[in-house]
Amino acid sequence: MKLTGIHHLTAVTANAPGNHAFYTQSLGLRLVKKTVNQDDVSAYHLFYADGKASPGTDITFFDWPVEREKRGTHNIAQTALRVNGETALKWWKDRFGSLNVRSDEIVERDGRLSLDFEDFEGQRLSLVDDGGKGEFHPWERSPVPVEHQIRGLGPIRISVPKLERTARVLTEAMDMRAAREYRIGDTPVHVFEMGEGGPAAELHVAVEPGLSPGRPGAGGVHHVAFRTPNEQTYQECWERLQSLKAPSSGPVDRYYFQSLYFREPNGILFEIATDGPGFATDEPMDKLGESLALPPFLEPRRAEIEAGLKPL
């Protein structure tokens, strides 16, 4: 599989207005697509990203009226977001204090400075210093100064009770590279790289056999998606899964990108997603996220769908 990094991460909120306020105002991200879950049109699907809605910068949320998640293994444990430099991390630490956002101290982890924090529903997040490497597209209307803005997704950490079967899928089926190992306390964490590597192209696997399985809910993560450049590489990913007789969704057209879903051996949901065509397919770039966007196959149901959604 030609995977170049993290494409997006989709989590769960039970409070869409509060979620919108936190991610656009507290974190300063841009709402780049206000749409619905294509498999459950009663729920918003909100996409927050950088100023140009670039692949690899989206943290997205399904709005479901569910209880809080139960933390545990067999789960996605933490989502990292990239910023540039120690000065930015110190600025964010001060900002979190002024906004009463729960956060830890800045620490060095896996050779990078990191600042762990949580949103108002307990979503486990971290800001990671990426050294300013790679493209960056700021949002001019963000309440966060350009030099401190979130630059995109960083490493995603998953929790599994045993490493072997997951590692085999990552390396033999998905062509990731086993890069290194570090520890969080007594927990070993194994780093797997895609593409050119670096914090935007890493999956971190924590091995935690002493934890009970987690339970999905608000404040938890639904799935993580990995980038593949185009339709040809996407088709190759599908053919690889077929050749391995791995159960999957088969190709799914999400209109803004092509998707392919499957579960790794511990039940964590993975998605492969194409970089394009992107969120400006049905809205001008300067108007992204300002109104409810629906893919063409849902457009005939617009009145019904809008009637079932609460204003943000």
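This report covers an open sheet, two helices that contact it, and two annotated spans in a predicted model.

## Basis

The model is predicted, so local features need pLDDT of at least 70 and side-chain atom pairs count only at pLDDT 80 or more, while totals for chains, interfaces and linings use all residues. Residues are numbered from 1 along each chain as its sequence is written, and side-chain values use heavy atoms, leaving out hydrogens and water.

## Sheet

The open sheet has 8 strands in the order 6-7-8-5-9-12-11-10, with mixed pairing. Strands are DSSP runs of E, at least two residues, and helices are runs of H or I, at least four, both numbered from the N terminus. Two strands pair if DSSP finds at least two bridges between them.

Strand 6 (103-109) and strand 10 (177-184) are the edges, each pairing on one side only. From one strand to the next, the twist averages 25°. Strand 6 runs antiparallel to strand 7 (residues 112-118), joined by 5 bridges; Glu108 stands opposite Leu113 in strand 7.

## Helices on the sheet

Helix 2 (residues 86-98) touches strand 5 (75-83), strand 6, strand 7 and strand 8 (124-129), and its direction makes about 20° with that of strand 7. Contact means heavy atoms within 4.5 Å. Axes are lines fitted to C-alpha atoms, for helices over the stretch in contact, with angles from 0 to 180 degrees between N-to-C directions.

Helix 3 (residues 164-173) lies across strand 9 (152-160), strand 10, strand 11 (187-193) and strand 12 (202-207), at about 15° to strand 11.

## Annotated spans

UniProt, in an unreviewed entry, lists residues 5-130 and 152-275 as "domain: VOC". UniProt positions follow the numbering used here, feature names are shortened, and annotations may be inferred rather than shown by experiment.

Residues 5-130 are 19% helix and 49% strand, with end C-alpha atoms 14 Å apart. Residues 152-275 are 19% helix and 44% strand, and their end C-alpha atoms lie 14 Å apart.
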